[in-house]
Amino acid sequence: MTLMENLSGLRPVLYALSVFFLIFSAAGCTDAPGNNETDSLTAGYLMNESIKNPVKAHYNPGEITSLYNSAEDLTKQSLDLIVEIPSEKKTFENTMIAYEKTISDFNDCVQPLTIMGYVYPDSEISGEGMECEERYSRFLTNVSSRRDLYDALKSVTPSNSDEKRLYDVIIREFEKNGLFLSDEKLAHVTEMRKELSTLELRFSANLNNDNTKLVFSKEELKGVPESSLSSFEKTPAKDYIVTMKYPDYNAVMTYAESENTRSKMYMSYFTKQGEENTLLLEEALVLRQNIAEELGYESWADYRTDGRIAKNSSNVMEFINALKVTLKEKNANENSELLEIKKRMFPDSEELFPWDVYYLLNIKKMQEYSYDEEKVREYFPLDRVLDGIFATYEKLFGVNFRKSENIDVWHPDVYVYEVSDELSGNVIGYLYLDLFPRDLKYNHFCAAGLKGRSVSGDSYNPPVLLIIGNFNSPGCDKPSLLKIDEIHTLFHETGHAMHFLLTDTPYRSLSGFGVEMDFVETPSQAMEEWAYDPEILKSISGHYNNSSEKIPDALLADAVSTRNVENVNTYTRILADSFRDMKFHTTKGPVNTTDVSYEIYEDINGLKLPDGIRSAASFGHVMADYDAGYYGYLWSKVYSMNIVDEFKKSGMTNRTTGMKFREEILARGNMEDGDVLLENFLGEKPNPDALNILLNR
Ligand SMILES: [Zn+2]
């Protein structure tokens, strides 16, 4: 079942938006040979072919903090130097480019430190990572509110279109932060933005550290496959301990025959961190409104959409309202069907509840297609699927993937792949994969940029990206086996990875997925569609007992067709969350997020929610950069379907179309507006009805 988690959560655009950057030594930021004795501001930062570790993987207590301290000090010094250049000597190069480089260097140094807050298997070290993230966010808020810096940057003149793009993006960011306000008002806005970022980080940390668990007997978990049961911890009395992490939640909600078990799971999942996170979110919403008003916008949603493709909140509302008509009706029909199934199975039932939906959708799949998901999974061991996905990208994009054996990692579960150019053989970038759940680890799916790509003279800094996943851990006698929707997730996240790693822009801050929020999910959501192409699926399959045994055609056909069973449910959930996000961010005055969540869920999903639900408290996206941005999944999906249709004309592994996609979209980052890049790739304006095409297929 596709959960929201497959829509990447954690700040995948950490890398972009309001943050940019200059020249300081990142000495100590990597443990690449020679990086520790640098004496110039840039030397030693740049990596070369002899690099051993693209990012540092082991830390002693205090080390992350001290690396962060020196990075922040050096960045501040570099920024001061830019400001101090006499105005007659200021040039685009020594001011705007220098600023961009400083902030990019700062990012490249700090992202590998802050990510440790999400993955490091030691609470003291991961706590330092989290703390640095908070400081990082506050520091950048200060930087982007510096009037001296803004004046310096604004005073230089770009001389070509690339420079103009950089200038426009950076100046817009400063202006959106209120640089046109009086000093007093600006200081007030900056203070509020710092408070906001603290609330956001606390909200995310609460979810990350959530330890809610339920205990169920074997009987209560009847129906849950052995592969999942064997991954649960047990009490001394041999009962099962089920966490709220993705694989556990998913297994119980999809397979547990007992309605009581599913309702308990649902309630726990949607009440976790209920009290504290609801308060944090509601406080953040008020702050956001105040900030938007100070900056002259009607609402936070108008503020956030300014500069995106959608441009303003009314365009977003128009877009999601148009989808609502179609989806609500389809979803209502589906609910009636599910209720019929439920009544056939349990003649006393009269109502369909939210915790029935995944379970009954799975029953529907089995009934309509005699589809056995467990049987399908046997053909998709994680390693085999990864090899298959990489082979697909090799065909499409002219690259090679090689697993690196001797790069240091923070946990034995982490793998690193080196991505190189097929023609030249040169390393393009590094892809880290941390794919199984464990304590202290971020519990959803995401792609996080750790270092941007940059070229300086003969030196090449490869981009580095990490995918965090939470697939079923391998059992004692079986590898990790994936369902089709998990293959979908893997294509999605590796799609983000390709966007980040195949970038080829002159500026790091405009590279990779540092694009508009309503375009950022375009490549990833396009790549998802490869997971439903029968030929691709067959090629990436291989039974876990015998990898040369491909998935049988009949099973494959069922696996692909069952997607339609889930489509309506998936898009309805995304739509409801888009409405909820927009309502949170267009309302005036205090928002009761619980009431809004109930109202929208019951209107769009058409089911009654039980009392006591606090689902907004675990709506991580709205506190992690997707605020007034959740609609971007649907907006981008329309673009994605246009891309997929273009591939369908020539074949899903056609190199010519693949290279065009790489060159016109993936490589171009934020060098032009997303809709312009798309039009360049398509050779025409995108078809706005593509989502309907998806729903009606
Ligand atoms: Zn994504």
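Q: In which loop is Ala628 found?
A: A word on the model first: this is a predicted structure, where local features need pLDDT of at least 70, side-chain atom pairs count only at pLDDT 80 or more, and totals for chains, interfaces and linings use all residues. Residues are numbered from 1 along each chain as its sequence is written, and side-chain values use heavy atoms, leaving out hydrogens and water. Helices (H or I, at least four residues) and strands (E, at least two) are DSSP runs numbered from the N terminus. Ala628 is found in the loop between helix H22 (593-605) and helix H23 (632-650).

Q: Is Ala628 buried or exposed?
A: Buried means under 20% relative accessible area, exposed over 50%, and partly exposed in between (1.4 Å probe, protein chains only). Phi of Ala628 is near 50°, a positive value in a residue other than glycine. With a relative accessible area of 0%, Ala628 is buried.

Q: How does Leu440 count by relative accessibility?
A: Leu440 also has a positive phi, near 75°, in a residue other than glycine. Leu440 lies in the loop between strand E6 (427-434) and strand E7 (446-451). Its relative accessibility is 32%, so Leu440 counts as partly exposed.

Q: Which helix gives the most to the largest nonpolar core?
A: A nonpolar core is a set of buried Ala, Val, Leu, Ile, Met, Phe, Trp, Tyr and Cys residues joined through side-chain atoms within 4.5 Å. The largest one has 219 residues, and Phe380 and Tyr432 touch the most other members. With ten residues, the top contributor to this core is helix H2 (residues 92-114).

Q: Which residues does Phe380 touch, not counting those up to four places away in sequence?
A: Contact here means heavy atoms within 4.5 Å. Among the residues that Phe380 touches are Val385, Ser480, Leu481, Leu482, Ile484 and Ile487. The list also includes Leu537, Ile540, Ser541, Gly542 and Ile551.

Q: What kind of aromatic pair do Phe390 and Phe401 form?
A: Rings of Phe, Tyr and Trp (its six-membered ring) pair if their centres lie within 6.5 Å; planes under 30 degrees apart count as stacked, over 60 as edge-to-face and the rest as tilted. A search of the whole structure finds 35 such pairs. For Phe390 and Phe401, the centres are 4.1 Å apart with 10° between the planes, and the pair is stacked.

Q: Which Tyr has Arg563 over its face?
A: A charge sits over a ring if NZ of Lys or CZ of Arg is within 6 Å of the ring centre and within 35 degrees of the ring normal. One case is Arg262, 4.1 Å from the ring centre of Tyr359. Arg563 lies 3.7 Å from the ring centre of its partner, Tyr532.

Q: How many disulfides are there?
A: A disulfide is a pair of cysteine sulfur atoms within 2.5 Å. For Cys132, the nearest cysteine sulfur is that of Cys109, 9.8 Å away. For Cys446, the nearest is that of Cys132, 18 Å away. The count comes to zero.

Q: Which strands stand at the edges of the open sheet of three strands?
A: Two strands pair if DSSP finds at least two bridges between them. The order is E1-E3-E2, with antiparallel pairing. Each edge strand has a single partner strand, so one side of each is left without a neighbour in the sheet: these are E1 (213-216) and E2 (233-234).
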